[in-house]
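Visitor: I am new to this structure and would like a close look at one part of the interior. Could you pick a helix and walk me through what surrounds it?

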Amino acid sequence: MTAFTRVDDALGEFTLRPLDPDADAALLHRWVTHPKSAFWLMQDADVAAVAAEYRRIADHPHHDAYLGSWRGAPAFLAERYDPARVELVGLYDPEPGDVGMHFLCAPADTPVHGFTRAVITTVMAWLFADPATRRVVVEPDVRNTAVHALNAAVGFTVVGPIRKPEKEALLSVCTRDQFRAATGAPAGEEGAPA
């Protein structure tokens with residue numbers, strides 16, 4: 001069941017659907033244990049541990065995960081969460097309408113120019129398609145310079161470093177207007193719920 005669709009001018013159709021923790025576990029396991037996914041912090045997980053983690057997320061009232069596809073094939077993972085209740089509790093001052101986000105692109109044998117930027121743009125459009133979302137909040141590892149550049153490209157501004165139990169993170173936020181200004185998305189054109 002498709003939950004969101006966005007057509008990228010250069011790369012075509014991207015979609016998101018709710019993740020099935022058990023049916024998608026083997027696929028996710030290949031992605032999250034790949035050396036390029038080191039910042040996902042699941043390098044040593046087996047398939048059962050991946051399934052258990054995503055069942056935990058599916059059962060959580062303030063956290064969910066979606067499988068993203070490009071041109072009909074699974075290609076990325078997206079998570080959204082309430083940062084006042086998950087991940088960032090006590091680590092920043094939440095505002096009404098804040099939504100936390102994680103995303104992971106599947107490892108590719110042949111990289112596609114602009115793909116990762118199209119994925120993060122799709123994920124942001126999906127989050128902002130909900131009128132209740134006022135800001136997107138992220139907390140990537142401070143060493144993950146590639147994702148910091150992507151975040152900046154879609155409108156994030158850095159708040160500053162924070163210490164989480166598993167990492168030193170760089171807290172950043174992006175408003176709807178910042179996203180639109182950075183990506184050129186006209187008002188109301190973020191994407192379409194399916």
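Guide: Happy to; we will start with one helix and work outwards from there. Please keep in mind that this is a predicted model.

Our helix is H3, residues 115-128. A good way in is to look at another helix beside it. Two packed helices are described by the angle between their axes and the distance between the axes. The partner here is helix H5, residues 176-183, and the axes of H3 and H5 come within 11 Å and cross at roughly 145°. The crossing of H3 past H5 is left-handed. On the H3 side, the residues making this contact are Arg-117, Thr-121, Met-124, Ala-125 and Phe-128, while H5 brings Arg-176, Phe-179, Ala-182 and Thr-183. Sorted by class, the contact holds 5 nonpolar, 2 polar and 2 charged residues.

Let us pause at two of those H3 residues. Thr-121 sits in helix H3. Its relative accessible area is 9%, and since buried means under 20%, Thr-121 counts as buried. Leaving out residues up to four places away in sequence, Thr-121 touches Arg-6, Val-154, Phe-179 and Thr-183. Two of these names, Phe-179 and Thr-183, you have just met on the H5 side of the helix contact.

Now find Met-124. Setting aside neighbours within four places in sequence, Met-124 is in contact with Met-101, Val-136, Val-154, Phe-156, Cys-174 and Phe-179. Both Thr-121 and Met-124 therefore lead you to Val-154 and Phe-179 if you follow their contacts on the screen.

Met-124 also opens the way to a wider view. In soluble globular proteins, nonpolar side chains tend to be buried together. The largest nonpolar core in this model has 31 residues, and Met-101, Phe-103, Val-123 and Met-124 are those with the most contacts inside it. At least two residues of this core come from each of strand E2 (12-18), strand E3 (63-70), strand E4 (73-81), strand E5 (98-105), H3, strand E6 (135-138) and helix H4 (145-153). Our helix gives the most: H3 supplies 10 residues. Another core lies apart from this one; it has 15 residues, including Leu-27, Leu-28, Val-32 and Ala-106.

From the helix, we can step across to the strands. E5 and E6 pair in the parallel sense over 3 bridges, and Gly-100 has Val-137 as its bridge partner in E6. In a regular strand the side chains alternate between the two faces of the sheet. You can follow that along E6: Arg-135 and Val-137 point one way, Val-136 and Val-138 point the other way, and all are buried. Val-136 is one of the residues that Met-124 contacts.

Some other strands can be followed through a single residue, Phe-14. E1, residues 4-8, pairs with E2 in the antiparallel sense over 5 bridges, and a hairpin of 3 residues joins E1 to E2. Within that pair, Arg-6 has Phe-14 of E2 as its bridge partner. E2 also pairs with E3, again antiparallel and over 5 bridges, and there Phe-14 stands opposite Trp-70. Arg-6 brings us back to the helix, as one of the residues touched by Thr-121.

One last stop is the loop between E6 and H4, where you will find Glu-139. Its relative accessible area is 1%, so Glu-139 is buried. Not counting residues up to four places away in sequence, Glu-139 touches Tyr-81, Glu-87, Leu-88, His-102, Ile-162, Lys-164, Lys-167, Ala-169 and Leu-170. Glu-139 and Val-86 are 53 residues apart along the chain, with their C-alpha atoms separated by 12 Å.

Among the residues touching Glu-139 is Glu-87, which is found in the loop between E4 and E5. Glu-87 is partly exposed, with a relative accessible area of 30%. Most residues other than glycine have a negative phi, and most peptide bonds are trans. Glu-87, however, has a positive phi near 70°. Arg-71, in the loop between E3 and E4, also has a positive phi, of about 55°, and is not a glycine either. Arg-71 is exposed, with a relative accessible area of 56%.

Technical notes:
Residues are numbered from 1 along each chain as its sequence is written. This is a predicted model: local features need pLDDT of at least 70, side-chain atom pairs count only at pLDDT 80 or more; totals for chains, interfaces and linings use all residues. Side-chain values use heavy atoms; hydrogens and water are left out. Axes are lines fitted to C-alpha atoms, for helices over the stretch in contact, and angles run from 0 to 180 degrees between N-to-C directions. Helices (H or I, at least four residues) and strands (E, at least two) are DSSP runs, numbered from the N terminus. A crossing is left-handed if the near helix is turned anticlockwise from the far one by less than a right angle, and right-handed if clockwise. Contact means heavy atoms within 4.5 Å. Ala, Val, Leu, Ile, Met, Phe, Trp, Tyr, Cys and Pro count as nonpolar, Asp, Glu, Lys and Arg as charged, and the others, Gly among them, as polar. A nonpolar core is a set of buried Ala, Val, Leu, Ile, Met, Phe, Trp, Tyr and Cys residues joined through side-chain atoms within 4.5 Å. Buried means under 20% relative accessible area, exposed over 50%, partly exposed in between (1.4 Å probe, protein chains only). Two strands pair if DSSP finds at least two bridges between them.
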